Structures are given as C-alpha cells and as structure tokens.
Amino acid sequence: MIEPRHSIVEELAQKARDHFSSLESLWNEIGIGENDRAAVQKEISNEFEKLLQTKLNEAKEEKATMNLKIRLLDVKLTSMKNQLGEPAQNVSTHELGQQVSLKEKIEGLEMLLTQTETLRDERYVVMTSLLEELKILYSDEFGVLSQEQEEQTTVSIEMDLSPHREGEIRRVLSEKQKLQEKRTKDIKESLSSIKELLELMGNLPDDNDWRDVDVLCEVDANSHTLKDTGNLMKRTSARLEFLQR
C-alpha cells in the first residue's frame with residue numbers, strides 16, 4: 001500500500017494543532033464545558049473524514065472509468081490488429097507494460113490506435129483497388145457476376161485486410177489477368193482470320209454485314225467485355241458458315 005505524502009500529512013497535522021490550540025484558547029475564555037468541546041471535536045473529525053472519503057470515492061470512480069476506457073481501447077485495437085492479420089494479445093499489457101499509470105496507458109493506447117487506423121486505412125485502399133480490379137475481370141469474363149463472385153469482391157471497412165488475404169486476391173487476380181490476355185489474343189486472332197476469309201470471299205471491308213467485325217478489329221479488345229467480343233465472334237462465324245453453304 002502506498003503511503004500518503006509526508007509533506008501533506010505533516011502540513012495538515014500542523015494546521016490542525018494550530019487551529020485546535022486557538023480554539024482551546026477561545027473556549028477557555030468563553031467557558032465552554034468539556035462535553036461541548038468533545039462534541040465539536042467529534043463534529044470536526046467527522047467532517048474531515050467525510051471529506052477524505054468523498055475524495056477517495058471520486059478517485060475510485062475515476063480509476064474505474066479509466067480502466068473501462070483501457071478495456072474498450074484494448075478490444076478495439078485487438079480487433080483491428082486481427083483484421084490486419086497481426087497477433088492478437090492484450091496490447092495494454094504486452095506493448096505498454098504493467099508499470100505505467102492508467103493515464104499513460106490510455107495515452108499509449110490512443111497513439112497505437114491512431115497508428116493502426118492509419119495502417120488499416122492504407123491497407124483498405126490497396127484491397128479496395130485489388131477487389132475492384134478483380135470485379136472488372138469477373139464482369140469482363142462472365143458479364144454478370146455470380147453470388148459467390150459478388151461476395152468475393154464485396155468491399156467493406158470490416159473485411160479481412162491481412163497480408164494472407166491480399167496474397168490470395170493477388171493470386172486470383174494474376175490468374176484472371178493471364179486468362180484475359182490469352183482470351184483477348186485468341187479472339188483477336190480469330191477476328192483477324194474471319195476478316196481475311198471475308199476478304200477472300202469478296203466482301204468489302206465497308207460491307208454493312210461485317211462492319212461491326214471490321215470496327216472491332218481496329219479497336220483495343222480490352223475496351224469491350226470478352227463475353228461480348230466472344231459472342232460477336234460466334235455470330236460472325238455463324239454468318240460465315242451460312243455464306244459458305
């Protein structure tokens with residue numbers, strides 16, 4: 001148990017002695033009896049004890065409030081660290097130590113929370129960009145996303161922002177990008193072949209029946225969805241087979 005500061009205790013004791021000495025002198029002059037003096041002394045003692053108890057209760061209440069704030073900060077910080085894929089543990093004890101005051105713990109936790117929020121926001125921007133890119137590739141490939149694909153590309157501030165999750169997204173993104181590059185190359189080659197066949201069959205490049213193919217061969221295939229481009233290629237191939245018959 002921590003002892004009270006000697007200076008304040010001695011100061012209060014000296015003041016009490018001085019005041020009681022003056023009070024005793026006045027009582028002697030007035031002629032106050034022993035019973036009345038004892039009653040006044042008891043009243044002074046009770047008031048002093050009441051004041052100390054009030055201050056003690058206020059300090060206990062403040063301590064409880066600060067401990068609650070530390071727990072809430074700890075929970076929020078631990079949750080955010082879990083979201084970022086960092087080890088979950090009692091941050092206030094592990095990172096700040098046990099031999100610090102409650103005020104220092106709160107200040108330390110608030111600083112750590114600010115730093116972690118900044119990291120979380122930075123990771124959120126990166127993950128959002130990756131998911132948006134993946135969503136575009138899904139749309140490019142399938143036109144309409146499935147429920148699973150919608151869930152995979154849903155952006156939320158509470159989503160998993162861990163390096164492991166980022167690695168998974170980058171892996172899928174890389175696979176889809178390679179698939180898109182291959183499909184785009186195949187479609188361009190097929191369209192080019194179709195155009196060559198059309199020219200051999202005597203169709204002019206400005207023929208209305210094939211103008212959409214001619215236009216598509218001149219633009220960047222990445223500006224269209226692969227599904228739409230593939231469908232156009234199928235329609236063109238069907239037309240070509242019909243003419244050949």
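Which helix gives the most to the nonpolar patch? Keep that question open for the second stop; the tour starts with the whole chain.

**Stop 1: the whole protein**

Show everything as a cartoon. This is a predicted model. The protein has 8 helices and 0 strands, and read along the sequence the pattern is α-α-α-α-α-α-α-α. Color by burial next: of the 245 residues, 25% count as buried. Switch on the surface, and the protein exposes about 17200 Å², with carbon and sulfur atoms supplying 53% of that area. Among contacts with a separation of 6 or more, residues 24 or more positions apart account for 68%.

**Stop 2: the nonpolar surface patch**

Select I8, V9, L12, F48 and L52, which make a nonpolar surface patch of about 410 Å². Two helices, α1 (6-30) and α2, each supply at least two residues of this patch. The opening question is settled here: α1 gives the most, with 3 residues. Now pick L52 alone. L52 is found in helix α2. Is L52 buried, partly exposed or exposed? Its relative accessibility is 46%, so L52 counts as partly exposed.

**Stop 3: along helix α2**

Select residues 34-83, the range of helix α2. This helix has 50 residues and reaches 73 Å from its first C-alpha to its last, close to the 74 Å expected at 1.5 Å a residue. Which residues of α2 are buried? They are R37, M66, I70, L73, D74, L77, T78, M80, K81 and Q83. Several of the names in that list are three or four places apart, for instance M66 and I70, or I70 and L73. An α-helix has 3.6 residues a turn, so residues three or four places apart point the same way. Just past the end of α2, select G85, which takes a positive phi of about 80°.

**Stop 4: from α2 across to α4**

Stay on α2 and select K76, which lies in this helix. K76 is partly exposed, with a relative accessible area of 43%. Draw a distance from its C-alpha to that of L109: the two atoms are separated by 10.0 Å, although the residues are 33 apart along the chain. What does K76 touch, not counting residues up to four places away in sequence? The partners are L113 and E117.

The contact with E117 includes a salt bridge, in which the side chains of K76 and E117 meet at 3.8 Å, N to O. This pair links distant parts of the chain, K76 in helix α2 and E117 in helix α4, 41 residues apart. E117 counts as partly exposed, at 24% relative accessibility.

Next, select E110 and K69. They form a salt bridge whose closest N and O atoms are 3.3 Å apart. E110 lies in helix α4 and K69 in helix α2, so this pair ties together parts that are 41 residues apart in sequence. E110 has a relative accessible area of 33% and is partly exposed; K69, at 38%, counts as partly exposed too. The count of salt bridges in the protein comes to 11.

**Stop 5: from α4 across to α6**

Select E166 and R123, another salt bridge, with the closest N and O atoms 3.8 Å apart. Why does this pair tie together parts that are 43 residues apart in sequence? Because E166 lies in helix α6 and R123 in helix α4. Are E166 and R123 buried or exposed? Both are buried. Add R170 to the selection: salt bridges that share partners join R123, E166 and R170 into one network.

**Stop 6: the nonpolar cores**

Finish inside. In soluble globular proteins, nonpolar side chains tend to be buried together. The largest nonpolar core here has 13 residues, and M127, L134, Y138, M159, L161, I169 and L173 touch the most other members. Helices α4 (102-142) and α6 (163-200) each supply at least two residues of this core. The largest share, 6 residues, comes from α4.

Select L173 and display its surroundings. Leaving aside neighbours within four places in sequence, L173 is in contact with L130, E133, L134 and L137. For a last selection, go to the second, separate core of 9 residues, which includes M66, I70, L73 and M80. These four names are also in the list of buried residues of α2.

Notes: Residues numbered from 1 in each chain as written. Predicted model: local features only at pLDDT ≥ 70, side-chain atom pairs only at ≥ 80, totals over all residues. Heavy atoms only, no water. Core = buried A, V, L, I, M, F, W, Y, C linked by side-chain atoms within 4.5 Å. Buried < 20%, exposed > 50% of the residue type's maximum accessible area, 1.4 Å probe, protein only. Contact = heavy atoms within 4.5 Å. Salt bridge = Lys/Arg side-chain N within 4 Å of Asp/Glu carboxyl O. Areas by Shrake-Rupley, 256 points an atom, 1.4 Å probe, with all protein chains shown as cover. Expected span 1.5 Å × (residues − 1). Patch = residues over 30% accessible without salt bridge, like charges linked within 9 Å, V, L, I, M, F, W, Y side chains within 5 Å.
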